[in-house]
Amino acid sequence: MACAALADNSVASANIINGTIVEADLADDADELDSLDDEVRRLRFLIDDLHDLSVSDLGGLRYSLMTLDLADCIESAVGAAQKRARDNGLELAIRHTEPALINGDERRIDQLFQNLLANSIAYTDAPGRIE
């Protein structure tokens with residue numbers, strides 16, 4: 001029962017965050033808007049993770065397995081994290097991008113790389129380089 005309540009609460013929290021994004025669209029300061037957007041994105045990832053965990057505990061987590069190229073997944077995740085890394089005085093670089101095909105869930109793989117990059121950015125001192 002607690003997991004179901006957590007799942008419901010995470011959906012409600014996501015709706016609140018989405019409302020914050022709409023309000024942020026009205027902001028005048030571009031730097032403030034970028035900062036708020038980054039924070040909302042991080043909160044959304046956290047809420048999605050909590051929701052997924054609660055759904056998993058209920059046995060309702062579903063995977064959509066398909067053939068994925070990990071190189072493409074990494075390039076996409078690094079591209080999405082570039083601005084946040086630059087804002088923190090860091091450089092993100094991809095050292096190796098040969099095709100590496102796997103059978104996996106694209107959303108979960110993206111979530112994995114986003115979490116790894118977010119942690120790397122958070123715990124790397126500037127100036128720095130993440131490869």
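## A guided tour of the chain

Of the 131 residues in this chain, buried residues make up 26%. Keep in mind as you look around that this is a predicted model.

**Stop 1: the whole chain.** Start with a cartoon view and colour by secondary structure. You should find four helices and four strands. Followed along the sequence, they come in the pattern α-α-β-α-β-β-α-β.

**Stop 2: helix H2.** Now select residues 30–57, which make up helix H2. Show the side chain of His51, a residue of this helix. Is His51 buried, exposed or partly exposed? Its relative accessible area is 24%, so His51 counts as partly exposed, given that the partly exposed range begins where buried ends, at 20%. Next, add Leu61 to your selection: this residue lies ten residues from His51 along the chain, and 9.8 Å separates their C-alpha atoms.

**Stop 3: a patch on the surface.** Switch on the surface and select Leu43, Leu46, Leu50 and Leu53. Together these leucines form a nonpolar patch with about 350 Å² of accessible area. Leu53, one of the patch members, belongs to helix H2, the helix you have just visited.

**Stop 4: the largest pocket.** Which residues should you select to find the centre of the largest pocket? Try Ile74, Val78, Phe113, Leu117 and Glu131, which are the closest to that centre among the 13 lining residues. The volume of this pocket is about 220 Å³. To see what surrounds the pocket, colour helix H3 (70–87) and helix H4 (106–122), since each of them supplies at least two lining residues. H4 gives the largest share, with four residues. Colouring the lining by class shows ten nonpolar residues, one polar and two charged.

**Stop 5: a cis peptide bond.** Move on past H4 to the loop that leads to strand S4 (128–130), where you will find Pro127. Zoom in on the link between Ala126 and Pro127: this is a cis peptide bond, with omega at about -10°.

**Stop 6: strand S4.** Finish with Ile130, which sits in strand S4. Is Ile130 buried or exposed? With a relative accessible area of 11%, Ile130 is buried, because buried means under 20%. As a last step, select Arg95 as well. Ile130 and Arg95 are 35 residues apart along the chain, while their C-alpha atoms are separated by 9.8 Å.

Definitions and conventions: Residues are numbered from 1 along each chain as its sequence is written. This is a predicted model: local features need pLDDT of at least 70, side-chain atom pairs count only at pLDDT 80 or more; totals for chains, interfaces and linings use all residues. Side-chain values use heavy atoms; hydrogens and water are left out. On a 1 Å grid over the protein atoms alone, a cavity is a set of points where a 1.4 Å probe fits but cannot get out, and a pocket is an open set with protein on both sides within 12 Å along at least five of seven lines; lining residues have an atom within 4 Å of a point. Grid points are joined across faces, edges and corners, and a volume is the space filled by probe spheres set on the points. Ala, Val, Leu, Ile, Met, Phe, Trp, Tyr, Cys and Pro count as nonpolar, Asp, Glu, Lys and Arg as charged, and the others, Gly among them, as polar. Patches are made of residues with over 30% relative accessible area and no salt bridge: like charges are joined within 9 Å, nonpolar side chains (Val, Leu, Ile, Met, Phe, Trp, Tyr) within 5 Å. Accessible areas come from the Shrake-Rupley method with a 1.4 Å probe; for residues, only the protein chains shown count as cover. A salt bridge is a side-chain nitrogen of Lys or Arg within 4 Å of a carboxyl oxygen of Asp or Glu. Buried means under 20% relative accessible area, exposed over 50%, partly exposed in between (1.4 Å probe, protein chains only).
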